[in-house]
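Let's take a friendly walk through a protein model, one helix and one loop at a time. Keep the picture open as you read.

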Amino acid sequence: MEPTQAELNSICNDPDKLAIIRLRLSDMSWWMRPLCQYVGRRANLQDEISEKFFQGRFKAVRLLDDSAVLACVAYVDLNPIRAAFAETLQRSAHTSVQRRIESLQVERLSPSFILAR
């Protein structure tokens, strides 16, 4: 429903209420809460269950098969680059790809790797 003029005036004429609304409009967590509630209710209805669908704030997602797990891993590993937080995979902090690259570099420097060649 569209807000009435009286509702708009009550917000515009109250600086504290206006500040709260502006904060909420720019807060992703505020938007995700009702979205997750809606999605969770629909999914639980579809699956005929009544447990919590999302176990935490936008973290718990059902990965039903191996390809979903691989897609999720790829998303997490590539997200810092897509979001421009990192320029290379080696600099993508807190990802498994960074750990794998570092472990390969350590292996190459270890004496057993050199002797095996």
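## A first stop: Gln98

In which helix is the place of Gln98? Gln98 sits in helix H5. Before we look around it, please note that this is a predicted model.

Gln98 has a relative accessible area of 15%, so this residue is buried; the cut-off for that word is under 20%. If we set aside residues up to four places away in sequence, Gln98 touches Leu89, Gln90, Arg91, Ser92 and Ala93. Two of these names, Ser92 and Ala93, will come back below.

## The whole chain

Now step back. The protein has 6 helices and 0 strands, so its elements, read from the N terminus, run α-α-α-α-α-α.

How many of the 117 residues count as buried, in percent? The share is 12%. The accessible surface is about 10300 Å², and carbon and sulfur atoms make up 60% of that surface. Contacts can also be sorted by distance along the chain: among those with a separation of 6 or more, 6% join residues 24 or more positions apart.

## Helix H3 and its two sides

Helix H3 covers residues 28-47, which makes 20 residues. At 1.5 Å a residue, this helix should span 28 Å, and its end C-alpha atoms are 27 Å apart, so the two values agree. Which residues of H3 are buried? They are Met32, Cys36, Gly40, Ala43 and Asn44. These residues cover an arc of only 95 degrees around the axis, and therefore they lie on the same side of H3. A general rule helps to read such a pattern: an α-helix has 3.6 residues a turn, so residues three or four places apart point the same way. The other side of H3 carries exposed residues, namely Arg41, Arg42, Leu45 and Gln46.

Both ends of this helix have a detail to look for. At the start of H3, a side-chain oxygen of Asp27 comes to within 3.0 Å of the backbone nitrogen of Ser29. Just after H3, Glu48 has a positive phi of about 55 degrees. A little further on is Ser50, in the loop between H3 and H4. Is Ser50 buried or exposed? With 75% relative accessibility, Ser50 counts as exposed. Its C-alpha atom is 9.5 Å from that of Gly40, while the two residues are 10 apart in sequence.

## Two cysteines to compare

Cys12 and Cys36 make a nice pair for practice. Cys12 has 54% relative accessibility and so counts as exposed, because exposed means over 50%. Cys36, at 15% relative accessibility, counts as buried.

How many disulfides does the model have? The count is 0. As a reminder, a disulfide is a covalent bond between the sulfur atoms of two cysteines.

## The loop before H5

Between helix H4 (66-82) and helix H5 (96-109) there is a loop, and Ser92 has its place there. At 0% relative accessibility, Ser92 counts as buried. What lies around this residue? A polar atom of the Ser92 side chain is 2.6 Å from the backbone oxygen of Leu89. Leaving aside neighbours within four places in sequence, Ser92 is in contact with Asp77, Pro80, Ala86, Val97 and Gln98.

Ala93 lies in the loop between H4 and H5 as well. This residue is partly exposed, with a relative accessible area of 39%. Beyond residues up to four places away in sequence, Ala93 touches Pro80 and Gln98. Ala93 and Pro80 are 13 residues apart along the chain, and their C-alpha atoms are separated by 7.7 Å.

## Back to helix H5

We end in the helix where we began. The 14 residues of H5 should span 20 Å at 1.5 Å a residue, and the end C-alpha atoms are 20 Å apart, which agrees. Val97, Gln98 and Ile101 are the buried residues here. They cover an arc of only 105 degrees around the axis, so they are on the same side of H5.

What covers the buried residues of H5? The cover includes H4. On the face of H5 turned away from the buried side, you will find the exposed residues Arg99 and Val106.

How values were computed. Residues numbered from 1 in each chain as written. Predicted model: local features only at pLDDT ≥ 70, side-chain atom pairs only at ≥ 80, totals over all residues. Heavy atoms only, no water. Helix = DSSP H or I, 4+ residues; strand = E, 2+ residues; numbered from the N terminus. Buried < 20%, exposed > 50% of the residue type's maximum accessible area, 1.4 Å probe, protein only. Contact = heavy atoms within 4.5 Å. Areas by Shrake-Rupley, 256 points an atom, 1.4 Å probe, with all protein chains shown as cover. Expected span 1.5 Å × (residues − 1). Arc of directions from axis to C-beta. Polar contact = N/O pair within 3.5 Å; in protein donor to acceptor, adjacent residues only side chain to side chain. Disulfide = S-S within 2.5 Å.
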